[in-house]
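Subject: Structure handover

Dear colleague,

Here are the sequence and the structure I said I would pass on. My notes on what turned up follow below them.

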2 protein chains.
Amino acid sequence: MKKSLGALPAVFPMPVLMIGTYDENGKVDVMNAAWGMISDMDQITLFLGGDRKTVSNMHKTGAFTVALADHAHMKEADFFGIASGNKMEDKFERTGLTAVKSERVNAPVIEEFPLTMECEFVEEVNSETLHCYVGKIVNVLADEAVLDETGKVRPSKLNAILFDQFRNGYYTIGERVGKAWNAGAGLYKGEE
Amino acid sequence: MKKSLGALPAVFPMPVLMIGTYDENGKVDVMNAAWGMISDMDQITLFLGGDRKTVSNMHKTGAFTVALADHAHMKEADFFGIASGNKMEDKFERTGLTAVKSERVNAPVIEEFPLTMECEFVEEVNSETLHCYVGKIVNVLADEAVLDETGKVRPSKLNAILFDQFRNGYYTIGERVGKAWNAGAGLYKGEE
């Protein structure tokens, strides 16, 4: 039996993205955003509402970083979603996290997060229905500890958290249960 | 020590979205897409490349549905990502899944998936850098079994899977480890 719940933002899971920017004085801001996704092989699109410090920063610097929040830094990641860089002067400083300037774009890399996309801010899109910010991913930085012997990211080492917008929860990642473009191969070949 | 991996689609986790459409004859197609996200409280945006049956269908019908793939139907979900509706005549039929017409939009609801967004297709956006499809979520249908006593979706009941694009894996959801806009409240109040 299916129930109607009305119009809800019901994508699940969502990532916990840490958007890092500098203001015109080189001051670091980080915000927490779940509404962002890869939009091409080297592109990420962010759906950010309201009067964000992040947005004014990326317009000034032409850049941002996107890191994945991990379980060890859930407290800081959540705080970045509660506090506003427009209102709290020491927002980044009070987390005690460490920012270094990206070598490729004019945006900060937060050392403590395990993986960071370094992005050029390429376009603000305002169509009839859509409002979003597009970034070109120029490089991905990852802690050596999250890579396997071939240099690929191993999700089980990331300890990334995910966001549940139904009940505002953070979850860890569970077990690997299948291989994509393989789990359904039997159906494809007509064997099942 | 951080390593540079080059430009990669490094959002993690990604959802496993099942996009359901009808063609002009009422024939069901379902595709598997990871690159989709909520873009407003009642809006979802899909980043779909190539010559998709889904795209020609949504242009004809003005509608699509987006369901969340669950672990029990991982095989079918993955198959929808391998097979092309343009090339395989019996793509949907060979899964044995059941489609019923949405009461709200001209698109199919796949009975076996636990949660489905019923969407009007409102815009194809082609900006200088971005190419995407925007849907207005008019309603969410969920199996009673995944709701709690207040009628909210309980993620632990969904058994949704997530996609890992680093290594093309499917994962289950882990443990709830925190509450959003709460886990970082101590930092906000200056208690930590």
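Strands are DSSP runs of E of at least two residues, numbered from the N terminus, and two of them count as paired if DSSP finds at least two bridges between them. In that sense β10(B) and β11(B) form a hairpin, joined through four residues. Please keep in mind that this is a predicted model.

Strand β11 of chain B is a good place to start. The hairpin partner β10 of chain B (residues 115-126) runs antiparallel to β11(B) and is joined to it by eleven bridges. Within this pairing, B:Thr116 lies opposite B:Leu141. Strand β6 of chain B (residues 43-46) also pairs antiparallel with β11(B), through four bridges; here B:Leu46 faces B:Tyr133.

What does chain A contribute to β11 of chain B? Strand β1 of chain A (residues 2-4) is joined to β11 of chain B (residues 131-143) by three bridges, again antiparallel. A:Lys3 is set opposite B:Ala142.

The chains also share an open sheet. Six strands make it up, in the order β2(A)-β12(A)-β13(A)-β13(B)-β12(B)-β2(B), with antiparallel pairing. At its edges are β2 (14-15) of chain A and β2 (14-15) of chain B, each of which pairs on one side only. On the chain A side, two bridges link β2(A) with β12 (residues 161-164), and the two strands run antiparallel. A:Pro15 has A:Leu162 in β12(A) as its bridge partner.

How are the two copies related? A turn of 180° with a shift of 0.0 Å along the axis lays chain A on chain B with an RMSD of 0.0 Å. The relation between the copies is therefore that of a two-fold rotation axis. Both copies use the same surface, as 100% of the contact residues of chain A recur in chain B. The residue of chain A that comes closest to the axis is A:Gly174, with its C-alpha at 1.9 Å.

As for chain A by itself, it has four helices and 13 strands. Its C-alpha trace spans about 60 × 45 × 30 Å along the principal axes. The radius of gyration is 18 Å, which agrees with a compact globule, because one of 192 residues would have a value near 16 Å. Of the 192 residues in chain A, 52% are buried. Among its contacts between residues at least 6 apart in sequence, 62% join residues at least 24 apart.

Regards

Technical notes:
Residues are numbered from 1 along each chain as its sequence is written. Chains are lettered from A and ligands numbered from 1 in the order in which they are written. This is a predicted model: local features need pLDDT of at least 70, side-chain atom pairs count only at pLDDT 80 or more; totals for chains, interfaces and linings use all residues. Copies are superposed by least squares on the C-alpha atoms of residues with pLDDT of at least 70 in both. Two residues are in contact if their C-beta atoms, placed from the backbone, lie within 7 Å. The radius of gyration is taken over C-alpha atoms; the globule rule is 2.2 Å times the number of residues to the power 0.38. A residue is buried if 20 or more other C-beta atoms lie within 10 Å of its own, exposed if 12 or fewer, and partly exposed in between; C-beta atoms are placed from the backbone.
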